[in-house]
Structure formats: structure tokens, C-alpha cells
Amino acid sequence: MSLLFYRRPDFVAKLPGPMEKSQCQIYVDRTQKHRKAIPPELSFDNILQNKALPPCALQDFMDYLIYISHDAENLQFWIWLNAYSTRFYDLPASEQALSPPWSAVEGAQPTGSDSRRLPKTADKSKFGAEIHFDHPSTVPDAVQSPPFEKQSFISGIASTTKSTADCVEDANAQAGLKWQSFSVQPYRSEIDRVISHYIAPDSPRELNLSHKTRTVVLHALQHTTHPSAFSPVRDLVEGTLRGQSHPNFVRWSICNGNKPKVLFVRNIGIAHVFLAIVLAVMLILSTASRWWRLFCFPLFFLGFSVGVSAYKGLCLVIHTGRSRNLRPWEQFGDSASLDSLDDDDEAGLSTDDVYSMCNRSVGGKRGMSMDTFGAGNSFDHEPWVERYEKKPLLQRVYPKNISIQNETMRILQDRIVWQSHLWSLLASVPLTAAIIAVPRFGIL
């Protein structure tokens with residue numbers, strides 16, 4: 001990667017409407033154009049297999065999707081489906097035979113062939129063109145869906161007025177499907193819970209599916225619990241995660257400051273440039289020697305360096321400590337308050353420490369975010385929201401910091417900082433030279 005011309009991954013905006021294969025392919029194509037901006041150590045597969053250290057760990061990715069991108073249901077469903085596929089293929093052959101693979105070509109007739117992979121949708125005219133990924137879709141060994149927690153599931157159902165059976169029945173009715181599913185098939189009750197949480201309209205973690213895709217999946221799930229029944233949804237979810245959520249997450253993770261901090265630092269950079277201009281004007285209008293105008297150079301250099309770095313989400317002061325600001329949802333914990341830590345303690349904090357503290361907070365969401373079943377992903381009710389809003393502006397600008405453990409992320413930040421210094425030098429030298437070349441006016 002070029003030091004002078006390195007660019008963060010471009011922000012990939014969400015396309016309007018429900019997820020479609022054509023949109024997901026656009027996401028993937030956009031990402032391929034800038035794949036050099038994401039090192040292999042921060043690849044989608046490494047993050048999903050939890051091989052990347054904070055701030056790019058799997059929990060960090062989930063936090064981003066919940067609190068920033070607001071589409072964590074895609075990752076929650078993807079993790080469950082991969083783990084479910086592994087569990088399904090570990091069943092005895094006699095039980096797998098009860099749920100043969102689903103084929104879109106044969107419609108309502110499942111095929112008898114077996115496969116260890118989730119097959120791609122066969123009828124392209126019905127579901128659209130296949131999404132082409134750089135790497136074949138596999139089931140990562142390190143990604144494990146959390147075990148089903150009865151209490152978590154009950155809390156999710158309690159937030160709605162319908163039972164799982166009612167949700168499944170209503171979803172099938174809206175799709176025009178009138179017959180009952182085969183109850184003797186393996187994991188049928190779990191599939192019904194997935195439908196009531198992710199597939200059914202107005203479900204707690206409803207995926208952004210079109211009516212056509214939802215109908216196709218529900219039709220397949222009525223006949224089989226084989227993982228291939230989820231193929232259309234799986235392609236859409238994976239395409240969105242790889243092509244849109246992942247590059248945006250890496251771009252966001254590069255920033256070491258929260259929004260108030262970055263805006264404050266950016267204004268400091270602008271202020272330095274403004275002071276350099278004011279100083280240059282005063283010296284030009286005065287009778288002082290033109291060599292005094294060299295003092296404009298450090299102001300220009302510092303202003304441009306700070307401003308360019310802040311434009312890319314980096315605070316130079318925080319960067320010198322190889323750390324980052326605590327995110328707003330990481331700043332509060334009841335059992336071990338982060339606000340009580342002094343400056344010496346905060347330097348040794350890791351993301352795991354913060355996660356442990358937040359897990360102990362009353363009513364906290366972060367411990368529940370990796371659960372397959374539960375309430376929706378809204379966080380407006382979480383205690384930290386109200387407490388953060390009441391926090392003074394100065395404390396928002398200067399929150400506690402934690403160390404950045406990911407060496408690759410440190411290298412990317414180093415490149416951006418050195419890049420800002422180089423661009424600042426290229427801008428400051430000719431500006432200072434031009435100011436020195438201007439003749440004195442001798443007015444002041």
C-alpha cells in the first residue's frame with residue numbers, strides 16, 4: 001500500500017429497499033475495487049472467525065452493527081445458520097433423511113442428494129443471478145452460535161403478543177402457504193423460532209427481505225429443515241455483510257476518537273491554519289523582516305496535519321499512546337465503573353476488560369447481542385443512553401481510553417498519520433514560501 005496515497009475503505013451506503021441479489025452484487029463489486037485498503041489480517045473471514053484482535057474482534061463487529069449500522073440481525077442470523085449447518089450435518093444419516101436438501105428447480109419436491117455445503121440457488125431466473133464472492137462460502141470452525149438460552153428466548157417472546165406458532169402461521173398465511181410443516185423433521189421447533197425471529201414480518205429481528213424471497217424461504221421450510229432451504233437468504237445476508245457491513249466496519253474501526261473528539265480536534269486544526277494566516281497578514285503589513293514569516297510554517301504544518309488526520313477520524317494525541325476513546329456504550333458499568341479509573345489504570349485496559357465491565361451492568365445489552373434468540377436490537381432502553389446524554393460536553397470530548405491490541409490496525413493508523421504529515425508538508429512549504437516572497441507594506 002502506498003504511504004502517500006493510501007485510502008481508507010470507501011463508505012458503502014445502503015441501497016434503498018429490501019435485500020436483492022443484484023444489490024448485494026453491487027456491494028461486492030464496490031468492495032473489490034478497494035480491497036487493497038483492507039489487509040488480509042482484517043478480512044471478513046478472519047473477523048468472523050474471531051482471529052482479529054480488538055478493535056476488530058467479532059464482538060466489536062457486532063457492536064458496530066447494533067449501535068452504528070443498525071442491522072445486527074444479519075450477523076446474528078449468519079452465525080446461527082453456519083452453526084446450525086454444522087449441527088445438522090452431524091446428525092445420523094437416518095435423521096438427515098427426514099429433511100432432504102431443497103432444490104428450487106423441483107419446486108415443492110426436495111431432492112434426495114446430500115451435500116456438506118449449502119448449495120447455491122439453482123434456478124437463477126427465479127431468484128436472480130448468483131452473487132460472486134472472492135472466497136467460497138464456508139462454515140468457519142471458530143464461529144459458534146451461542147447455545148439456546150431459555151431465558152433469552154422467553155424475554156424475546158415476552159416483547160411480542162404472539163407465540164412462535166402464531167408467528168409462523170401468520171407468516172405462512174401472508175405468503176399464501178396453507179399447509180402445515182412436517183413436525184417429525186429434526187430441529188423443527190428451532191426452525192420455527194428462527195422464522196418467528198428473523199423471517200416473519202414484524203418479527204423482533206426481521207431481515208430486510210422482499211416478499212418474493214420471504215415466500216420462497218417459507219415455502220422451502222414447510223417441506224424441509226435442511227440448511228439448503230435458507231440458501232436464498234444466506235446469499236443475501238452474506239453479500240450484505242461482506243460487501244457493505246465489513247468495509248464500513250473497518251473504516252469505522254480506524255478512527256480512534258469518538259465524534260465529539262474528532263470534531264473538536266478538527267476545529268483545532270482549522271484554528272491553527274487561521275492563526276497562521278492572521279500572523280502572515282500582520283507580518284506582511286508590518287515593517288518586520290520577512291524572515292519572521294517563517295513562524296507561519298509550524299502553524300500551517302500543525303494545522304494541516306491535525307486537520308487531515310481528524311478528517312480521517314484520528315486524533316494525533318491519542319495515536320501517540322496507541323489507544324482509542326471508549327465508545328459511548330463502553331463508558332458505563334455498575335459493578336466496576338470505568339469513570340473511577342485513573343489515568344494509569346486506563347492505559348492497561350483492553351476490550352475484554354471493558355466488555356466484562358459492561359456485561360455486569362444492569363440491563364446491559366452487550367452480553368445479549370451474540371444470542372440467537374431474544375428481543376430486538378433496539379438500544380434506546382439501555383441505561384448508558386440516558387447517562388451519556390447527561391454527560392457534560394467536556395467529558396464527551398475527553399473520555400477514557402483503551403489500548404489498541406490489533407497490530408495491523410496500528411499500522412493502518414500509522415500510514416494515515418504519516419500521510420497527513422506528508423500532505424501537510426507539501427501544503428505548508430509552498431504557502432510559507434509565497435508568504436515570504438510577498439513584499440512588506442510597512443503599514444503597522
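**Salt bridges, buried helices and surface features of the predicted model**

In the predicted model, Asp 71 and Lys 14 are joined by a salt bridge, with their closest N and O atoms 3.6 Å apart. This pair connects distant parts of the chain, since the two residues lie 57 residues apart. Asp 71 belongs to the loop between helix 3 (58-69) and helix 4 (73-89), whereas Lys 14 belongs to the segment before helix 1 (21-33). The two partners were also examined for accessibility. Asp 71 has a relative accessible area of 6% and is therefore buried, the limit for this class being under 20%. Lys 14, in contrast, has a relative accessible area of 45% and is partly exposed.

Side chains of opposite charge can pair when their charged atoms come close. A search of the whole structure returned 11 salt bridges. One of the pairs is formed by the side chains of Lys 390 and Glu 386, with an N to O distance of 3.1 Å. Lys 390 counts as exposed, because its relative accessibility is 62% and the class begins over 50%. A further salt bridge brings together the side chains of Arg 410 and Glu 407, at 3.7 Å from N to O. Both residues are in helix 19 (residues 407-437), and because they are three residues apart there, about one helical turn separates them. Arg 410 is partly exposed, with a relative accessible area of 22%. Glu 407 is likewise counted as partly exposed, at 45% relative accessibility. Elsewhere, Asp 45, Arg 234, Glu 238 and Arg 242 are joined into one network by salt bridges that share partners.

Burial was then considered at the level of whole helices. Of the 12 residues of helix 3, 11 are buried, so this helix is largely enclosed by the rest of the structure. The buried positions of helix 3 include the nonpolar residues Leu 58, Phe 61, Met 62, Leu 65 and Ile 66. Asp 60, Asp 63 and Ser 69 are also among the buried residues of helix 3. His 70 follows helix 3 and has a positive phi, near 65°. The loop between helix 3 and helix 4 contains Asp 71, the residue that forms the salt bridge with Lys 14.

Helix 9 (residues 188-199) is likewise largely enclosed by the rest of the structure, because 10 of its 12 residues are buried. Among them are Arg 188, Glu 190 and Arg 193, together with Ile 191, Val 194, Ile 195 and Ile 199. Ser 196, His 197 and Tyr 198 are buried in helix 9 as well.

Cysteine residues were also examined. The search of the whole structure found zero disulfides. Cys 255 is buried, with a relative accessible area of 15%, and Cys 315 is buried, with a relative accessible area of 5%.

On the surface, a nonpolar patch is formed by Phe 264, Ile 268, Leu 394 and Tyr 398, which together present about 390 Å² of accessible area. Tyr 398 lies in the loop between helix 18 (393-397) and strand 2 (401-403). This tyrosine, Tyr 398, counts as partly exposed, with a relative accessibility of 48%.

Confidence was assessed along the protein chain, which averages a pLDDT of 80, with 73% of the residues scoring at least 70. The pLDDT is below 50 over residues 105-129, a stretch that has 57 contacts in the model beyond near neighbours in sequence. Residues 145-161 also have a pLDDT below 50, and this stretch has 26 contacts beyond near neighbours in sequence.

Notes. Residues are numbered from 1 along each chain as its sequence is written. Side-chain values use heavy atoms; hydrogens and water are left out. pLDDT is the predictor's confidence in each residue, from 0 to 100. Contact means heavy atoms within 4.5 Å. Patches are made of residues with over 30% relative accessible area and no salt bridge: like charges are joined within 9 Å, nonpolar side chains (Val, Leu, Ile, Met, Phe, Trp, Tyr) within 5 Å. Accessible areas come from the Shrake-Rupley method with a 1.4 Å probe; for residues, only the protein chains shown count as cover. A salt bridge is a side-chain nitrogen of Lys or Arg within 4 Å of a carboxyl oxygen of Asp or Glu. Helices (H or I, at least four residues) and strands (E, at least two) are DSSP runs, numbered from the N terminus. Buried means under 20% relative accessible area, exposed over 50%, partly exposed in between (1.4 Å probe, protein chains only). A disulfide is a pair of cysteine sulfur atoms within 2.5 Å.
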